[in-house]
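Q: I would be grateful for a close look at one part of this model, set against the chain as a whole. Please take the overall picture before the details.

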Amino acid sequence: MIRKLRIKFIAISMTSTIIVLFLILGSINLLNYREMSHNADTILDFLKENDGELPEKSL
């Protein structure tokens, strides 16, 4: 009886931990993807405005 409850408790705990980890990793990956996509779009817009050339930096 106790053994079965212990095994069920461990299984439920492991499952919930895995679900939480997947949610955290998924949200981190989604936020990273959105940021990278935004940066790429910004750079492409900048290149489009300057006829495909990167202007030289003036110090």
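What percentage of the 59 residues in the chain do buried residues make up? Please then examine helix 1, residues 2-49, and in particular the surroundings of Val-20.

A: Buried residues make up 0% of the 59 residues in this chain, where buried means under 20% relative accessible area, exposed over 50% and partly exposed in between, for a 1.4 Å probe and protein chains only. The model is a predicted one, in which local features need pLDDT of at least 70 and side-chain atom pairs count only at pLDDT 80 or more, while totals for chains, interfaces and linings use all residues. Residues are numbered from 1 along each chain as its sequence is written, and side-chain values use heavy atoms, without hydrogens and water.

The chain as a whole comes before the helix. The secondary structure amounts to one helix and zero strands, both being DSSP runs numbered from the N terminus (helices H or I, at least four residues; strands E, at least two). The chain is more spread out than a compact globule, because its radius of gyration is 24 Å, well over the 10 Å that the globule rule gives for 59 residues. That radius is taken over C-alpha atoms, and the rule is 2.2 Å times the number of residues to the power 0.38. Along the principal axes, the C-alpha atoms fill a box of roughly 75 × 25 × 10 Å. About 6,100 Å² of the chain is exposed, and carbon and sulfur atoms supply 68% of this area, as found by the Shrake-Rupley method with a 1.4 Å probe, where for residues only the protein chains shown count as cover.

Within this setting, Val-20 belongs to helix 1, which spans residues 2-49. Val-20 has a relative accessible area of 44% and is therefore partly exposed. Together with Ile-24, Leu-25 and Ile-28, Val-20 makes a nonpolar surface patch of about 360 Å². Patches are made of residues with over 30% relative accessible area and no salt bridge (a side-chain nitrogen of Lys or Arg within 4 Å of a carboxyl oxygen of Asp or Glu); nonpolar side chains (Val, Leu, Ile, Met, Phe, Trp, Tyr) are joined within 5 Å and like charges within 9 Å. From Val-20 to Ser-37, 17 residues along the chain, the C-alpha separation is 26 Å.

Other positions in helix 1 add to this picture. Thr-15 lies in helix 1 and, with a relative accessible area of 45%, is partly exposed. Its C-alpha atom is 53 Å from that of Pro-55, at a sequence distance of 40 residues. Leu-31 is also found in helix 1; its relative accessible area is 54%, so Leu-31 is exposed. Leu-31 and Thr-17 are 14 residues apart in sequence, and their C-alpha atoms are 21 Å apart in space. Arg-34, another residue of helix 1, counts as exposed because its relative accessibility is 54%. Between Arg-34 and Ile-2, 32 residues apart in sequence, the C-alpha atoms are separated by 48 Å.

The segment after helix 1 contains Asp-51. Asp-51 is not a glycine, although its phi is positive, at about 55°. With 70% relative accessibility, Asp-51 counts as exposed.
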